[in-house]
Structures are given as C-alpha cells and as structure tokens.
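Work through the exercises below with the model open beside you. Try each task before reading its solution.

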Amino acid sequence: MNVRIGSGHDTHRLAEGRPLILGGIRIAHSRGLVGHSDADVVLHALTDALLGATGQGDIGDAYPDTDPRWKDAPSERFLSETLQRLYRLGWQPGNADITIFAQEPKLGPIKAAIRDNLARLLGLPAACVNVKAKTGENVGHIGRGEAIGCHAVVLVQRREASVADTV
Ligand code: MG
C-alpha cells in the first residue's frame with residue numbers, strides 16, 4: 001500500500017510561569033503548558049500521528065519522559081527525529097489536518113502562523129497542512145481553561161526518490 005493514515009491526540013495542563021508554545025510558535029499568554037518537554041500539544045499530537053501511521057507505537061515509547069535527554073526539550077526535536085525515522089522506512093508526509101482545542105487564548109489570529117510553521121517542519125507546502133481551532137464551549141477541562149488539547153490526522157506516502165536525496 002502506498003499511503004497510510006495516522007491519528008494522534010494530546011492534552012496538557014495550563015499553569016502560570018510556563019511559556020505557551022503551540023506548533024512550535026511561542027504565543028503571548030498568561031499561562032503555558034506543563035510537561036517534561038516544552039509540552040507543545042500540537043507537535044506531540046502530530047508526532048504521535050506520524051508514529052501511528054508507520055506502526056511505531058507512540059511518543060512515550062519513542063521519547064520516554066523518564067529520559068533526561070527530553071527534559072524541557074523543544075518538541076521540534078521529537079518531530080524531526082520522527083521524520084528521519086519515516087524517511088529511513090521509506091515514507092514521507094503527504095498532508096496533515098490539525099485541530100487545536102483551547103478556550104483561551106483565541107487562536108483564530110495565529111492559526112495561519114502555526115500552519116506555516118508546521119508546513120516548514122514537515123517539508124510540505126502550506127496548502128497540505130490545515131489548522132483548525134475549537135473552544136471547549138466553557139465546559140470540561142478544556143472549556144474551563146485548565147488544559148489545551150490537540151488532535152492530528154496525517155497521511156503518509158511512499159517516499160519519492162528526490163526527497164531521499166535531501167535528507
Ligand atoms: Mg504531550
């Protein structure tokens with residue numbers, strides 16, 4: 001089969017005194033996400049989706065939070081290492097559809113910046129990456145502003161020879 005699909009989901013708790021980083025973009029906000037790494041839920045969900053598409057388990061298997069190498073690590077490292085795994089296995093990303101769940105801050109004005117950064121990280125045209133933002137409708141842990149979540153779906157395809165020469 002020349003295409004495969006993957007799905008990833010992540011949630012992190014919001015707390016004061018932490019930077020808020022979504023999709024590798026630092027966002028001005030009074031609180032940020034708590035985690036062993038930089039807690040970027042978008043990159044974690046996307047990484048999980050890529051691992052899932054290629055049958056490699058999950059981000060906890062690949063980058064365990066008991067490993068000091070990943071303490072406060074920028075999550076771009078998880079994504080870039082996962083992309084290298086994909087390339088070695090003969091796959092490349094085809095497109096990604098990302099949904100971020102956050103009551104605050106309002107993500108409408110920065111969705112495009114997140115999309116452009118994800119496209120850059122994935123080596124894809126911006127048209128192959130979509131970022132949607134939903135609130136929690138003021139209910140549940142997302143709606144109460146206690147956490148931010150993300151759901152990612154990716155398609156991967158057999159790698160083209162031209163890509164192999166660039167990685
Ligand atoms: Mg996570």
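Donors are N, O and S atoms within 2.8 Å of the metal, with water not among the atoms, so sites may look incomplete. The model is predicted.

**Exercise 1. The metal site**

Task: Find which residues coordinate the magnesium ion, and give their spacing in sequence.

Solution:
- Step 1. Apply the cut-off to the magnesium ion. Asp-10 (OD), His-12 (NE2) and His-44 (ND1) coordinate the ion, at 2.1 to 2.2 Å.
- Step 2. Write the donors in sequence order. The spacing reads D-x1-H-x31-H.
- Step 3. Check accessibility, where under 20% counts as buried. Asp-10 has 16% and is therefore buried. His-12 has 14%, so His-12 is buried too.
- Step 4. Place the remaining donor, His-44. His-44 is one of the buried residues of α1.

**Exercise 2. Two helices**

Task: Describe the span of α1 and state how many of its residues are buried.

Solution:
- Step 1. Take the length. α1 has 13 residues and reaches 18 Å from first C-alpha to last. That is close to the 18 Å expected at 1.5 Å a residue.
- Step 2. Count the buried positions. They number 12 of 13, and α1 is mostly covered. Among them are Val-41, Leu-46, Asp-48 and Ala-53.

Task: Where do the buried residues of α3 lie around the helix axis?

Solution:
- Step 1. Locate the helix. α3 covers residues 76-88 and has 13 residues. Its reach is 18 Å, close to the 18 Å expected.
- Step 2. List the buried residues. They are Phe-78, Leu-79, Thr-82, Leu-83, Leu-86 and Tyr-87.
- Step 3. Look down the axis. The buried residues of α3 fall within an arc of 165 degrees, so they line one face of the helix.
- Step 4. Recall the helix geometry. An α-helix has 3.6 residues a turn, so residues three or four places apart point the same way.
- Step 5. Inspect what comes after α3. Gly-90 follows, with a positive phi near 90 degrees.

**Exercise 3. The nonpolar cores**

Task: Which residues of the largest nonpolar core touch the most other members, and which element supplies the largest share?

Solution:
- Step 1. Rank the contacts. The core holds 37 residues, and Leu-22, Leu-46 and Ile-98 touch the most other members.
- Step 2. Assign the contributors. β2, α1, α3, β5, α4, β6 and β7 each supply at least two residues. The largest share, 8 residues, comes from α1.
- Step 3. Open up Leu-46. Beyond four places in sequence, Leu-46 touches Leu-79, Ala-96, Ile-98, Leu-118, Leu-122, Ala-152 and Val-154.
- Step 4. Look for a separate cluster. Apart from the largest core lies another core, of 7 residues, including Ile-59, Tyr-63, Ala-73 and Phe-78.

**Exercise 4. Ile-100**

Task: Is Ile-100 buried or exposed, and which residues is Ile-100 in contact with?

Solution:
- Step 1. Place Ile-100. The residue lies in strand β5.
- Step 2. Read its accessibility. The value is 1%, so Ile-100 is buried.
- Step 3. Leave aside neighbours within four places. Contacts then include Val-42, Leu-107, Ile-114, Val-131, Ile-148 and Cys-150.
- Step 4. Compare sequence with space. Ile-100 and Leu-89 are 11 residues apart in sequence, with 29 Å between their C-alpha atoms.

**Exercise 5. The cysteines**

Task: How many disulfides does the structure hold, and why is Cys-128 not bonded to Cys-150?

Solution:
- Step 1. Count. The structure holds 0 disulfides.
- Step 2. Check the distance. The sulfur of Cys-128 is 18 Å from the closest cysteine sulfur, in Cys-150, so it is too far for a bond.
- Step 3. Contrast the surroundings. Cys-128 is partly exposed at 26%, whereas Cys-150 is buried at 0%.

How values were computed
Residues are numbered from 1 along each chain as its sequence is written. This is a predicted model: local features need pLDDT of at least 70, side-chain atom pairs count only at pLDDT 80 or more; totals for chains, interfaces and linings use all residues. Side-chain values use heavy atoms; hydrogens and water are left out. Donors are N, O and S atoms within 2.8 Å of the metal (3.2 Å for Na, K and Ca); water is not among the atoms, so sites may look incomplete. Buried means under 20% relative accessible area, exposed over 50%, partly exposed in between (1.4 Å probe, protein chains only). Helices (H or I, at least four residues) and strands (E, at least two) are DSSP runs, numbered from the N terminus. The expected span of a helix is 1.5 Å times one less than its number of residues. The arc is that of the directions from the helix axis to the C-beta atoms. A nonpolar core is a set of buried Ala, Val, Leu, Ile, Met, Phe, Trp, Tyr and Cys residues joined through side-chain atoms within 4.5 Å. Contact means heavy atoms within 4.5 Å. A disulfide is a pair of cysteine sulfur atoms within 2.5 Å.
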